[in-house]
Amino acid sequence: MRSLRYILRHRKIDEFSTYAYRWLYSRAQYLHHRSQSHIISKSLFGIFRSLVERYHCHVPMEYLCGSAMFCNRLFIVNQHVLIPRRDSETLIHHVQELYRHNHDIQSMLEIGTGSGCLSITLSRLFPHWKINTCDISPSALRVARSNAHLYHCHNIQFHRGNLFDTHFLENTSYNLIISNPPYVSQDQLSACNYGIFHEPSIALFANPPLKFYAEIIRRAINGWLKDQGYLVFECSPFNVIPIQELLKSHFEQIEIRYDETHLARVISAKRKQE
Ligand SMILES: C[S@@+](CC[C@H](N)C(=O)[O-])C[C@H]1O[C@@H](n2cnc3c(N)ncnc32)[C@H](O)[C@@H]1O
């Protein structure tokens, strides 16, 4: 504990930082313990100091500890994946509600899986579904696969690919498509906290911000989504109305769901029978 006391003595810190330091110290102890056999030169204090430095550079705690909570489960995360957000649990609750009213849902596609938190949570809730999930980033897929392994999800298939490639997942169709795509525009950046700069920009930014939604809707109409199938998006409160407009001509039962802070966070719709 000498190193922790040293840091506590040499910095002006508030109660939260004291808590954070104690927590970082326990993480350093764990990493030190794990690495002892191969990295003999890395002392516990060295690991602790580097974690504290990163903490002061606003690296999110979840990256420092390598895990994040989502729907009461701990997911492995690293700098290649978006940190699962509490807001995204709104999407999970909404899918559960849709399934309560429509037991025909048996197959699902997720676009942009990241850590895999959405597909894996749904796989645990609906182990009989056939779930396909994809991401453009091979590093993100590695994390998602590790998480799926951790939670013994045997009904998920992972695909690497780009949503905008014409032949991507051709000739497949599903009862449900979900996505929390990149949707932050450059002009919203100033309203974001510093932690966001440590998250992968490929997971966050879209220019124009609606391009992922428009493409998923186009692919859904052209075959990805079965008749009467559901499309469920996470979105920002700023783009919920434009997405609603994009959905109007081919979808019905358009619903908007609000997160815990009463902001519009999820939009869903049912494909009209053609
Ligand atoms: C906002 S993150 C969502 C991650 C996770 N589903 C969640 O809710 O925490 C968007 C994900 O889309 C992936 N992505 C970005 N561009 C893509 C593309 N063109 N095709 C497929 N996936 C893409 C990113 O790598 C990232 O993992």
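## Starting with contacts

Two residues are in contact if their C-beta atoms, placed from the backbone, lie within 7 Å. Keep that in mind as you look at Met108 in this predicted model. If you skip its neighbours within four places in sequence, Met108 is in contact with Leu122, Trp129, Ile131, Tyr174, Asn175, Leu176 and Ile178.

Met108 also belongs to the largest nonpolar core, which has 51 residues. Which members of that core touch the most other members? They are Met108, Ile177, Ile178, Leu231, Val232 and Phe233. Helix H9, residues 211-224, gives this core its largest share, six residues. There's a second, separate core too, with seven residues, including Ala28, Ile47, Phe48 and Leu51.

## The whole protein

Now zoom out. The protein has 274 residues, and 33% of them count as buried. Its parts list has 10 helices and nine strands. Taken along the principal axes, the C-alpha atoms fill a box of roughly 70 × 40 × 35 Å.

How much of the contact network joins residues at least 24 apart in sequence? Among contacts between residues at least 6 apart, the figure is 64%. For a sense of distance, try Tyr19 and Asn222: they are 203 residues apart along the chain, and their C-alpha atoms are separated by 52 Å. Tyr19 sits in helix H2, residues 15-35. Is Tyr19 buried or exposed? A residue with 12 or fewer other C-beta atoms within 10 Å is exposed, and Tyr19 has 11 such neighbours, so it counts as exposed.

## A stretch named in UniProt

An unreviewed UniProt entry places the feature "domain: Methyltransferase small" at residues 90-188. In the model, that span is 34% helix and 22% strand. The C-alpha atoms at its two ends lie 22 Å apart.

Helix H6 covers residues 117-125. Why is H6 described as largely enclosed by the rest of the structure? Because seven of its nine residues are buried. You can pick them out in the structure: Cys117, Leu118, Ser119, Ile120, Thr121, Leu122 and Ser123.

## Around the ligand

The ligand is surrounded by 23 residues. The closest are Gly112, Gly114, Leu163, Asn180 and Ala203. H6 turns up again here: H6, strand S4 (130-135) and helix H8 (201-204) each supply at least two residues of the shell.

What kinds of residues make up this shell? By class, it has 14 nonpolar, eight polar and one charged.

## A hairpin up close

Strand S1 (residues 67-70) and strand S2 (residues 73-76) pair in the antiparallel sense, over four bridges. Together they form a hairpin with two residues between them. To see the pairing, find Met69, which stands opposite Leu74 in S2, and Ser67, whose bridge partner in S2 is Ile76.

The side chains along S1 alternate. Ala68 and Phe70 point to one face and are buried. Ser67 and Met69 point to the other face and are not buried.

## Some unusual angles

Most residues other than glycine have a negative phi, and most peptide bonds are trans. That makes a few spots here worth a look. In the hairpin turn, Cys71 has a positive phi of about 50 degrees. Asn72 is not a glycine either, yet has a positive phi of about 65 degrees. Asn72 is found in the loop between S1 and S2. With 7 other C-beta atoms within 10 Å, Asn72 is exposed.

Gln228 is another residue other than glycine with a positive phi, near 70 degrees. Where is Gln228? Gln228 lies in strand S7, residues 225-234. It has 15 other C-beta atoms within 10 Å, so Gln228 is partly exposed.

Last stop: the peptide bond between Asn207 and Pro208. This bond is cis, with omega at about -5 degrees. Look for Pro208 in the loop between H8 and H9.

Key. Residues numbered from 1 in each chain as written. Predicted model: local features only at pLDDT ≥ 70, side-chain atom pairs only at ≥ 80, totals over all residues. Core = buried A, V, L, I, M, F, W, Y, C linked by C-beta atoms within 7 Å. Buried ≥ 20, exposed ≤ 12 C-beta atoms within 10 Å, placed from the backbone. UniProt positions renumbered as here; feature names shortened; annotations may be inferred. Near = placed C-beta within 6 Å. Nonpolar A, V, L, I, M, F, W, Y, C, P; charged D, E, K, R; others polar. Pairing = 2+ DSSP bridges.
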